Amino acid sequence: MTYARITGTGGYLPDKVVTNKDLEAALDTTEEWIESRTGIRERRIAADDEFTVDLAERAALQAIDAAGIERRAIDLIVLATTTADQVFPATACLLQQRLGNGGYPAFDVQAVCAGFLFALGVADKFVRTGASQCALVVGAETFSRIIDWSDRRTCVLFGDGAGAVVLQAGDAPGVMSTHLRSDGQYKDLLQVPVGVSRNFSKVRDGGAFTTMQGGEVFRWAVTAMSDIIDETVAANDLSKDDIDWLIPHQANIRIINAVGARAKIPRDKVVVTVGEHGNTSAASVPLALDQAVRDGRVRPGHRVLLEGFGGGFTWGSALITM
């Protein structure tokens with residue numbers, strides 16, 4: 001049997017730092033309130049001349065280097081983003097051009113904060129079926145550009161960044177299973193209510209901003225993400241004690257803690273990076289994975305459960321042996 005195995009990880013955060021103190025000066029809030037409610041201390045914001053593909057390229061090159069492969073070995077790019085640089089072509093195609101070896105499939109996936117899990121699930125199927133031998137999976141966002149920076153309900157939460165992994169075919173288990181879910185009946189609770197086909201004048205006028213009903217999103221996210229932990233563990237005939245690390249979507253610390261408590265995962269087995277970069281949407285999970293790999297927490301042989309939750313609603317998980 002052929003498996004897809006993560007052989008390299010990468011991450012990138014823009015240089016510009018916006019702290020809670022910075023937001024306190026512009027909003028009716030305090031740095032203590034923001035951190036106590038979200039766990040976020042700072043977030044990174046892309047420069048005016050820095051775009052989603054730029055972030056994706058930096059993370060991708062780091063993952064390629066970590067995997068010890070040449071760029072020409074890549075035969076698939078699946079890129080998760082909500083903030084594509086253009087209507088078309090796909091940001092994945094823009095990244096493919098940067099990497100300099102075209103001819104293989106490159107496409108975007110849009111599932112907001114669960115996007116990386118969806119992209120990973122798709123790439124895993126390509127590798128398992130033999131359609132790809134070496135896939136690049138990226139989550140990249142310039143989410144700050146769809147945030148109303150006068151709305152303290154949302155602007156304190158989000159930041160920009162990118163994370164990436166290289167998946168290669170092999171005989172040993174790597175990606176053990178992926179689980180992807182959506183429920184469109186909750187679309188109004190977390191959305192940007194404009195697009196190309198609908199209300200496009202608001203896009204032109206600079207009104208394409210994220211709206212969120214925070215309380216409802218919190219309750220739904222905690223339930224969905226804790227339930228999918230149970231589903232993933234059961235699907236692999238394991239117990240939660242067999243999981244070395246849980247890497248959840250870095251939305252805010254209250255959701256992360258509530259999911260861990262409901263799923264009965266000890267806090268010392270949960271990777272938390274939200275304080276340093278906020279909610280980076282599709283980049284959140286791969287950024288946290290990359291940091292945990294590079295600081296030595298996640299090591300070869302560890303079982304790692306990744307999960308994410310986003311607008312749509314969309315949610316998903318992946319169980320991985322590193």
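Q: Which word fits Asp124, buried or exposed?
A: This is a predicted model. Asp124 has a relative accessibility of 2%. The cut-off for buried is under 20%. So Asp124 counts as buried.

Q: With which residue does Asp124 form a salt bridge?
A: Asp124 lies in helix H5, residues 115-128. Its partner sits in H5 too, 4 residues apart, about one turn of the helix. That partner is partly exposed, at 27% relative accessible area. The closest N and O atoms are 3.0 Å apart, and the residue is Arg128.

Q: How many residues apart are Arg181 and Glu231?
A: The side chains of Arg181 and Glu231 meet in a salt bridge, 2.3 Å from N to O. The pair links distant parts of the chain: Arg181 in strand S8 (residues 175-182) and Glu231 in helix H8 (residues 214-235). Their separation in residues is 50.

Q: What is the relative accessibility of Glu231?
A: Its salt-bridge partner, Arg181, is partly exposed at 34%. Glu231 also counts as partly exposed. Partly exposed runs between the 20% and 50% cut-offs. For Glu231 the value is 29%.

Q: In which helix do Asp290 and Arg294 both lie?
A: The two side chains, Asp290 and Arg294, meet in a salt bridge at 2.6 Å, N to O. Asp290 is buried at 6%, whereas Arg294 is partly exposed at 47%. They are 4 residues apart, about one turn, in helix H11.

Q: How many salt bridges does the structure hold?
A: Some of them join up: Lys21, Glu24 and Glu31 are linked in a network. Others include the Asp124 to Arg128 contact and the Asp290 to Arg294 contact. The structure's total is 15.

Q: How much accessible area does the nonpolar patch on the surface have?
A: Val87, Phe88, Val196, Phe200 and Val203 form this patch. Val87 lies in the loop between strand S4 (76-80) and helix H4 (91-99). At 66% relative accessible area, Val87 is exposed. Together the five residues offer about 510 Å².

Q: Which residue does a cis peptide bond join to Phe88?
A: Most peptide bonds are trans. The bond after Phe88 is cis, with omega about 0 degrees. The partner is found in the loop between S4 and H4. It is Pro89.

Q: What is omega for the peptide bond from Gly312 to Phe313?
A: Phe313 is placed in the loop between S12 and strand S13 (314-321). The bond leading into Phe313 from Gly312 is cis. Its omega is near -15 degrees.

Q: How much space lies in the largest pocket?
A: The residues closest to the centre of the largest pocket are Thr82, Thr83, Ala84, Ile146 and Val194. Strand S5 (106-109), strand S9 (190-191) and helix H7 (200-204) each give two or more residues to the lining. The lining divides into 19 nonpolar, 12 polar and 3 charged residues. The space is about 920 Å³.

Q: Which element gives the largest share of the lining of the second largest pocket?
A: This pocket has a volume of about 500 Å³. Its lining has 26 residues, with Arg153, Leu157, Met212, Gly214 and Asn252 nearest the centre. Helix H2 (31-38), helix H6 (152-155), helix H9 (253-263) and strand S12 (303-310) are among the elements that supply at least two. The largest share, 6 residues, comes from H8.

Q: How many charged residues are in the lining of the second largest pocket?
A: The nonpolar class has 14 residues in this lining. The polar class has 8. The charged class has 4.

Q: How far apart in space are Ile255 and Met225, C-alpha to C-alpha?
A: Ile255 has its place in helix H9. It is buried, at 6% relative accessible area. Met225 is 30 residues away in sequence. In space the C-alpha separation is 9.4 Å.

Q: What is phi of Lys264?
A: Most residues other than glycine have a negative phi. Asp237 has a positive phi of about 55 degrees and is exposed at 73%. Lys264 lies in the loop between H9 and helix H10 (274-277) and is exposed at 67%. Lys264 has a positive phi, near 60 degrees.

Notes. Residues numbered from 1 in each chain as written. Predicted model: local features only at pLDDT ≥ 70, side-chain atom pairs only at ≥ 80, totals over all residues. Heavy atoms only, no water. Patch = residues over 30% accessible without salt bridge, like charges linked within 9 Å, V, L, I, M, F, W, Y side chains within 5 Å. Areas by Shrake-Rupley, 256 points an atom, 1.4 Å probe, with all protein chains shown as cover. Salt bridge = Lys/Arg side-chain N within 4 Å of Asp/Glu carboxyl O. Buried < 20%, exposed > 50% of the residue type's maximum accessible area, 1.4 Å probe, protein only. 1 Å grid on protein atoms, 1.4 Å probe; cavity = no way out; pocket = protein on both sides within 12 Å on 5 of 7 lines; lining within 4 Å. Points joined across faces, edges and corners; volume = space filled by probe spheres on them. Nonpolar A, V, L, I, M, F, W, Y, C, P; charged D, E, K, R; others polar.
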